[in-house]
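Good morning. Please have the structure open on your screens while I talk.

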Amino acid sequence: MNTTPQPDPKDRPARLTVGVVGAGRVGPALAASLQLAGHRPVAVSGVSDASRKRAAALLPDVPLMTPAEVLQRAELVLLTVPDDALPGLVTGLAETGAVRPGQLLVHTSGRYGARVLDPALRAGALPLALHPAMTFTGTPVDVQRLAGCSFGVTAPEELRLAAEALVIEMGGEPEWIAEDMRPLYHAALALGSNHLITLVAQSMELLRTAGVTAPDRMLGPLLGASLDNALRSGDAALTGPVARGDAGTVAAHIVELREHAPQAVAGYLAMARATADRALDHGLLKPELAEDLLGVLADGATPTTGSTGSTGTPAPDGKPGTERPGETPGREGTEGTEGTDGADGTDGTDGTDGTDGTDSTDGTDGTDGGAR
């Protein structure tokens, strides 16, 4: 065990001065991690009270300035703004002469690669796209979470080593993403991270309705095991009534959801169809069982219910089953309400998580902001 005292980061000679444009959840955390590696944060921009508090907590004694002043003082600038705000910000900074030749300009958007920084490149800046595949809280715990975090890295070939070195200094693992693959990469993270939160929140609501007093405690071990199994085994980890082809059980689920949570029906059907397709493709769902199951899912898209379940047997608890072609119709069910689309992860002042997996940054003045 090494017992040699480690020098305080403040005592190390700083290698780069660091500035942050957009003091939301992401920027201050990345700057703080760079500070631990020996770099020196010198300026941060932010306008909302929440962003100022974050900057003060993670970057104490670092002055708040305008974006142009941040670029004037820093050799390495982190642009942690919303995806939709990034192109306009870069163009504006370049056109006003704020960008300096040789300046490292790093954005953290998952959607964009390095080309969005072309206006700054023409002004002499060195463009890097470094996207942390992590959800952020806006607290000091984020700096710890960067240890082992993967970063989607895109940069000109001549800057690849510099980009990867910065990621490693922040404790992350660089993963090279081609420029034209950035939108797909970002969509994959949103599908796995953002949608997971929606599914878990819906599941907890339904458990509370069913009388479970601590749905988080019930779901924790189950979801932890499911995530671990999925990461280890992929589709081979699929379990449950859809993968087994239990059409009657799925029909009962749809009936209950229509009664207690009609807003969840559309999502349940969409995920069940996707699960059935993957289970079929990987030989987990027997073709002879898939027909009844897919019929239930097709019928479930309408609110009509019949007197029997999908397999012709009475539905559980005496409730009407899903009507199937050729069966005697039962009473008409209650129309399920279609869920409204959620808001994008872009902030107003200080937003909630976006991507990315990624997360919100400050966004009130047109130059700060962001949803990872």
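I will go from the whole chain to the sheet, then to a few single residues.

This is a predicted model, so please keep that in mind as I speak. The protein has 372 residues, and 44% of them count as buried. In terms of secondary structure, there are 13 helices and eleven strands. The surface comes to about 18,500 Å², with carbon and sulfur atoms supplying 56% of that area. How many of the contacts join residues at least 24 apart? If we take contacts between residues at least 6 apart in sequence, the share is 62%.

Now the sheet. Seven strands make up an open sheet of mixed pairing, and the order across it is 2-1-3-4-5-6-7. At the edges we find strand 2, residues 40-45, and strand 7, residues 173-176, each of which pairs on one side only. From one strand to the next, the twist averages 25°. As a reminder, strands of a sheet pair through backbone hydrogen bonds, either parallel or antiparallel. Which sense applies to strand 1 and strand 3? Strand 1, residues 17-21, and strand 3, residues 76-79, pair in the parallel sense, over four bridges. One place to look is V20, whose bridge partner in strand 3 is L78.

Two helices are worth a look next. Helix 7, residues 160-169, lies across strands 3, 5, 6 and 7, and it runs at about 145° to strand 7. There is a side-chain arrangement to see here as well: R160 sits over the face of W176, at 4.1 Å from the ring centre. As for aromatic pairs, the structure holds zero.

Helix 1 covers residues 27-36 and is mostly covered itself, with eight of its ten residues buried. Among those buried residues are G27, P28, L30 and A31. After the helix comes G38, which has a positive phi, near 110°.

Let us stay with A31, which is found in helix 1. Is A31 buried or exposed? A31 has a relative accessible area of 0%, so it counts as buried. Leaving out residues up to four places away in sequence, A31 touches V18, V20, P41, L59 and L78. V20 and L78 are the bridge partners I mentioned a moment ago. With P41, the separation is ten residues in sequence and 6.4 Å in space, C-alpha to C-alpha.

For contrast, take Y268, found in helix 12, residues 265-281. Y268 has a relative accessible area of 22%, and because buried means under 20%, Y268 counts as partly exposed. Again leaving out residues up to four places away in sequence, Y268 touches V250, H253, I254 and L257. Between Y268 and H253 there are 9.0 Å, C-alpha to C-alpha, and the two are 15 residues apart in sequence.

The last residue is D61. Where does D61 lie? D61 is in the loop between helix 2, residues 49-58, and helix 3, residues 67-73. Its relative accessible area is 81%, so D61 is exposed. Most residues other than glycine have a negative phi. The phi of D61, however, is positive, near 70°, and D61 is not a glycine.

To recap the three residues: A31 is buried, Y268 is partly exposed, and D61 is exposed. You can find each of them on your screens. That is all from me.

Notes
Residues numbered from 1 in each chain as written. Predicted model: local features only at pLDDT ≥ 70, side-chain atom pairs only at ≥ 80, totals over all residues. Heavy atoms only, no water. Buried < 20%, exposed > 50% of the residue type's maximum accessible area, 1.4 Å probe, protein only. Contact = heavy atoms within 4.5 Å. Areas by Shrake-Rupley, 256 points an atom, 1.4 Å probe, with all protein chains shown as cover. Phe/Tyr/Trp six-rings, centres within 6.5 Å; stacked < 30°, edge-to-face > 60°. Lys NZ or Arg CZ within 6 Å of the ring centre and 35° of its normal. Pairing = 2+ DSSP bridges. Axes fitted to C-alpha atoms, helices over the stretch in contact; angles between N-to-C directions.
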